[in-house]
Amino acid sequence: MNRFDLLKTFVSGAPSAKALFDRDLCYLAYSDRWVSDYGLDPEQDYTGRSHYEVFPEIGEEWKAAHQRCLRGEIHRTDHEPFPRADGTTQWLRYEVRPWYESEGVVGGLVMLTEDLTGLVEATGGVRQRDALFAAARDVAATLWAFDADRTMTLHVGAPLEDLGVGQGWNVGNKMDEVYAELPVVTDAVDRALAGEPSSWSVVVEGRTFESVVRPVRDDSGAVTGGVGISIDVTDRDYAQARAEAAAAEVELIQGAIPDAVVVADTDRRVQRVNPAFAKLFGYTAAKVIGQPTKLLYADPAAFDEAGRTRYRPSGPARMDPFEVEYRRADGTTFMGETVGAPVRDSAGRTVGYVGVIRDVTERRAAEDRLYHQAHHDELTGLANRTLFTSRLDAAIAVAAGGRGLVDQRSAATNFAVLYVDLDRFKAVNDTFGHSAGDALLREVADRLRGAVRPTDTVARLGGDEFAVLLEGLTDADAAGALAQQVAAALVPTVEVGGRNLSVGASIGVVWGRPDHDSSDAVLGEADLAMYEAKRSGRGRSAMYSAATHGPAGLRLRLELDLPRAIEEGELRLAYQPIVRLSDGALAGFEALVRWEHPELGLLYPDAFIGPAEESGQIVAVDRWVLREACRQVAAWEAETRGAGGDAVLVLNVNCTGRDLLDPEYVGAVRDIASSAGFDPDRLHLEITESLLIQDAVAVAEVLRGLRTSGVRFCIDDFGTGYSSLSALHALPVDRIKVDRSFVADMVEREESAALVDTVVRLGRMLGKGVVAEGIETAAHLAALRRLGCAHGQGYLFSKPVGPEAAASMAFAAALPWAHHWDAPGPWLA
């Protein structure tokens, strides 16, 4: 199972809310908890749908954060409100981080959310309950009094108006008349007049009143009447009921929360815990209530730190989530993520704290594993290119910070890089198989670790290439000594599968300089130095020097990299259309080689054909170009015939002198064209004028040998060499190409126009076709058509394009340059 499949399995099977997205923020996988937490429809499949489509309320700030994460950042938030799909609001903690589909390549994002709605509502419920208790104490009262003959003498209070009774309306009336329907009141009057106090509760018109009556005595102690107070406790009872309900809700929420909840007083002593606490910590509630929460911390210093920075009476209303190591009752520890908040009374005073603790040990371990996989080589366990370049960039930044004058640099800011390339690894891999090669790489990794210091970073960059980052060196000599130490460690044979295998290494060394500004620059120089060491005889090291590893070093590197480019498919073909100038029809293509170098990017022929010729690898390059071009054009023709078309395309392929004069060349061309199913009569091999005069006899023999098979020839860049007319007439050459330098100036310079005219006339006289190169303007096209030039190519029609774009031209009903023939031009004047 690859890294991506592991990540999908991890996300979709997670018990918490997680989702995996591609770079366009479309769902790749998500957990069940994600669906439930966000109020999504569990019956729907959201795979492939945009996150922004599912949640259109997502704002620009979040979208910007997502884009930063796609560039490698990690984004975390405290609890934030989020509108659910079902219209409700939930409180979430977010974490968004990139996932990598290969070294340094972000494949998309992983989102992890934790639902804190229960905590927010729970703490809100406590505050609401406190408010209800405070409201219950703020009651309204009715005062009333009567004399010895039971006549009401006082009757005032706010509740009277609620009952539709005016203030003092009943004064002067008999108590028995006012409360005729409330015998509990008249009984209380009797008792008061008898000298006994009483109290009762009664419901009047839906409202509850609590009343107390006391007798009133004169100085002699004789009862002269009574006084009563009635309190409307309807709101108080309601508030008490709501408070009790809120407390029950809090209790219910705490019981339902799967995470541990701890409520503590201002001294941070435990006051209450929920059932999940016992499962997580192994303590019963009775064991911890009244105990300091310090009991739960694995490190007492962490408890003290939390008190100084988080659990403070004057602290904020909410705390950012934090992680700390806790200790269970059995002594084992775990990493817990805590979300805390102070509990405040109605006056805003802090009366305690509540914390929700979640065991994130497994999550952290999974994240650490994913991080390790993303930053380490799976085979050897060494750092990979991503981690190495990150540390190298950091070393460059540190060195830059300590760079004033050169003599002010210290060992703390110095660094060097060793680029290690195994000398005979390919032979081992090819001879004994990949398992032996893997075993060898693991042994090399172990030896590299042992040869350098523990503080140095050893990495496998890929294949058989390793690198070492050395920091804190005194000088460049120390780096050279460590390079020799590494080379020596790789000299002894390695036993693999009962065989003693010998493998050495070539090492390039770069000493950090003030002008270094990126890891790519340092590794590029180390690579060049490594190639210099390899050319010096293998098993050696070389220190980079700008004087010796400039252009010459690059040329050497290209020579050494070319075999790999051919074997590993780094060469590419571009096709430039050849246009029939009479009507604008597509006549064929010229195939042009490119090199997609893994470190240097796209290289054009002028960068690597010279090194290829010098190293003798030009033959392999030429054969690859011929084979791939014949295969591709034959495939296009077959596809157009299958669609009812009749495309017949000419194919021009450049041929170098070294390849042309190779004894096997004639047979190779025939075999390549035959195996590709391409008609050799439409294959035009382009040769230069200079080649004709180097060895005219040998060239003529090859040309005639291939001409019998139908292959045709074209002289490239005609007019820039010194070929004689007799040679041109005698050789089986079918076309000549007018060099682009003459075409470029033919409109402005009469000399160039005359030369082009001469070449066109000469071709007509000798029976040779003429192709003009470098047609870039409509004026060029008009002039060439007036001269009667048959074919042309240039940017006016198309620059060289990849196979897909060329195929679209081969199949097109209307070509992109057709408009140049839509209206009469100056050539018809």
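Biologist: What makes the second largest cavity a cavity, and how much space lies in it?

Modeller: This is a predicted model, and about 50 Å³ of space lies in the second largest cavity. A cavity is a set of points where a 1.4 Å probe fits but cannot get out, so that is why the word applies here.

Biologist: Which residues line the second largest cavity?

Modeller: Tyr38, His51, Ile58, Trp62, His66, Phe82, Tyr94 and Met111. By class that makes 6 nonpolar, 2 polar and no charged residues. His counts as polar in this scheme, because the charged class holds Asp, Glu, Lys and Arg.

Biologist: How many cavities are there, and what about the largest one?

Modeller: The count is 5 cavities of 30 Å³ or more. The largest has about 160 Å³ of space. Its lining has 13 residues, with Val262, Thr293, Tyr297, Tyr311 and Gly355 nearest the centre. Strand β16 (350–359) gives the most to that lining, with 4 residues. The lining splits into 9 nonpolar, 3 polar and 1 charged.

Biologist: Why is the space of about 980 Å³ called a pocket?

Modeller: A pocket is an open set of points with protein on both sides within 12 Å along at least five of seven lines, so the word fits a space that is open, whereas a probe in a cavity cannot get out. The largest pocket has that volume of about 980 Å³, and of its 33 lining residues, Asp421, Lys426, Asp464, Arg564 and Glu568 are the closest to its centre. Helix α19 (551–567) gives the most to the lining, with 6 residues.

Biologist: How is that lining divided by class?

Modeller: It has 19 charged, 10 nonpolar and 4 polar residues.

Biologist: What is the volume of the second largest pocket, and which element gives the most to its lining?

Modeller: The volume is about 810 Å³. Of the 37 lining residues, Glu590, Leu592, Pro605, Asn654 and Asp716 are the closest to its centre. Strand β25 (586–597) gives the most, with 5 residues. By class there are 15 nonpolar, 10 polar and 12 charged.

Biologist: Why is Cys69 called buried?

Modeller: Its relative accessible area is 1%, and buried means under 20%, so Cys69 qualifies. Cys789 has 5%, which is also under the 20% cut-off, so Cys789 is buried as well.

Biologist: How many disulfides are there, and what would make a pair count?

Modeller: The count comes to 0 disulfides. A pair needs its cysteine sulfur atoms within 2.5 Å, so a count of 0 says that no pair meets that cut-off.

Terms used. Residues are numbered from 1 along each chain as its sequence is written. This is a predicted model: local features need pLDDT of at least 70, side-chain atom pairs count only at pLDDT 80 or more; totals for chains, interfaces and linings use all residues. Side-chain values use heavy atoms; hydrogens and water are left out. On a 1 Å grid over the protein atoms alone, a cavity is a set of points where a 1.4 Å probe fits but cannot get out, and a pocket is an open set with protein on both sides within 12 Å along at least five of seven lines; lining residues have an atom within 4 Å of a point. Grid points are joined across faces, edges and corners, and a volume is the space filled by probe spheres set on the points. Helices (H or I, at least four residues) and strands (E, at least two) are DSSP runs, numbered from the N terminus. Buried means under 20% relative accessible area, exposed over 50%, partly exposed in between (1.4 Å probe, protein chains only).
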